[in-house]
Amino acid sequence: MSENQEPKRAARERLAQQRERDRARERRRRTLIVATAVVGVLALAAVVGLIAANAGKDDPAAEAGPAVTPSGATGKDGLALQVGADDAPSTLTIWEDFRCPVCAQFENAFRDTITDLAQSGQIKVEYHLATIIDGNLGGSGSLRAANAAACAQDAGRFAAYHDVLYRDQPAETDDAFGSNSRLIELAGSVEGLDTPAFRSCVEDGTHDSWVRKSNKAFSEGGFPGTPTALLNGESVFPKKGDEQISVANLKKWVADANKGEKPGTVGASPSGS
């Protein structure tokens with residue numbers, strides 16, 4: 001091979017290599033475009049699916065029938081489950097979701113204090129049930145647990161069963177409360193609750209429509225989330241004014257609200273037994 005042919009061959013090889021690199025870059029670019037488009041479509045489908053799921057859960061038309069109010073429920077539209085004396089001088093209103101982890105933290109931190117305040121007639125507690133975690137994460141554990149709690153209210157065992165649900169709350173993403181059998185199993189921890197009537201109430205979803213009605217009231221109430229805790233209508237969680245909630249502060253706030261008032265003694269709710 002002549003000396004002037006060698007540089008030409010080398011130049012052709014370099015050109016061929018450059019063309020192959022260009023083709024490889026183009027293939028990678030096309031692959032990236034297609035992959036991005038697929039991810040976008042999947043993301044859109046997920047969003048649409050989530051919106052559709054939430055719409056189905058929050059839609060009042062999804063109710064299977066008329067709302068069956070639990071025995072002894074109080075307040076506007078019978079949406080409150082009361083613990084404590086009717087004539088207690090102050091009212092602690094709590095909106096909760098049984099799948100909500102912060103609700104469990106609130107309950108486990110303040111349960112003994114709230115129980116003492118209610119049993120001593122300082123406050124009555126009005127529990128309202130919501131199902132926002134079902135709407136956010138899917139599943140039915142919020143609804144199923146709230147129905148079971150309403151069934152416990154019928155049996156005069158709401159307070160005890162309410163506490164069991166929060167002590168045994170699964171992880172937020174675990175829809176274990178969506179199983180009626182699990183809710184009935186937990187009822188075995190409450191003396192006198194696991195009866196044929198309770199089981200039938202849980203399995204039939206007797207109070208499902210009432211729970212949906214309660215959740216609608218929560219959605220329309222402008223509350224920031226669960227838990228929401230109000231002492232005589234004023235928010236006390238996570239703070240009241242500039243003071244953070246604590247056991248000592250909650251007791252102080254109730255004492256301040258009750259100055260000059262006698263403790264309640266009349267008509268203690270059976271759900272507080």
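1. A disulfide is taken here as a pair of cysteine sulfur atoms within 2.5 Å. In this predicted model, that rule yields a count of one disulfide, which joins C151 to C201 with an S to S distance of 2.1 Å. The link of C151 and C201 is left-handed, with -80° about the S-S bond.

2. As for the placement of this link, C151 lies in helix 4 (residues 141-154) and C201 in helix 7 (residues 196-204), so the disulfide ties together parts that are 50 residues apart in sequence. Both cysteines of the pair are buried, C151 at 3% relative accessibility and C201 with a relative accessible area of 9%.

3. Two further cysteines deserve a remark: C100 counts as buried at 4% relative accessibility, and C103 likewise counts as buried, at 0%.

4. Turning to the strands, strand 4 (residues 228-231) is covered on both faces, with T228 and L230 buried on one side and A229 and L231 buried on the other. In a regular strand, side chains alternate between the two faces of the sheet.

5. Strand 4 runs antiparallel to strand 2 (residues 90-96), and four bridges join the two; within this pairing, T228 of strand 4 is the bridge partner of W95.

6. Strand 4 also pairs with strand 5 (residues 234-235) in the antiparallel sense, over two bridges, and here L231 stands opposite E234 of strand 5. The hairpin formed by strand 4 and strand 5 has two residues between the strands, and in this hairpin N232 takes a positive phi near 50°.

Key: Residues numbered from 1 in each chain as written. Predicted model: local features only at pLDDT ≥ 70, side-chain atom pairs only at ≥ 80, totals over all residues. Heavy atoms only, no water. Buried < 20%, exposed > 50% of the residue type's maximum accessible area, 1.4 Å probe, protein only. Pairing = 2+ DSSP bridges.
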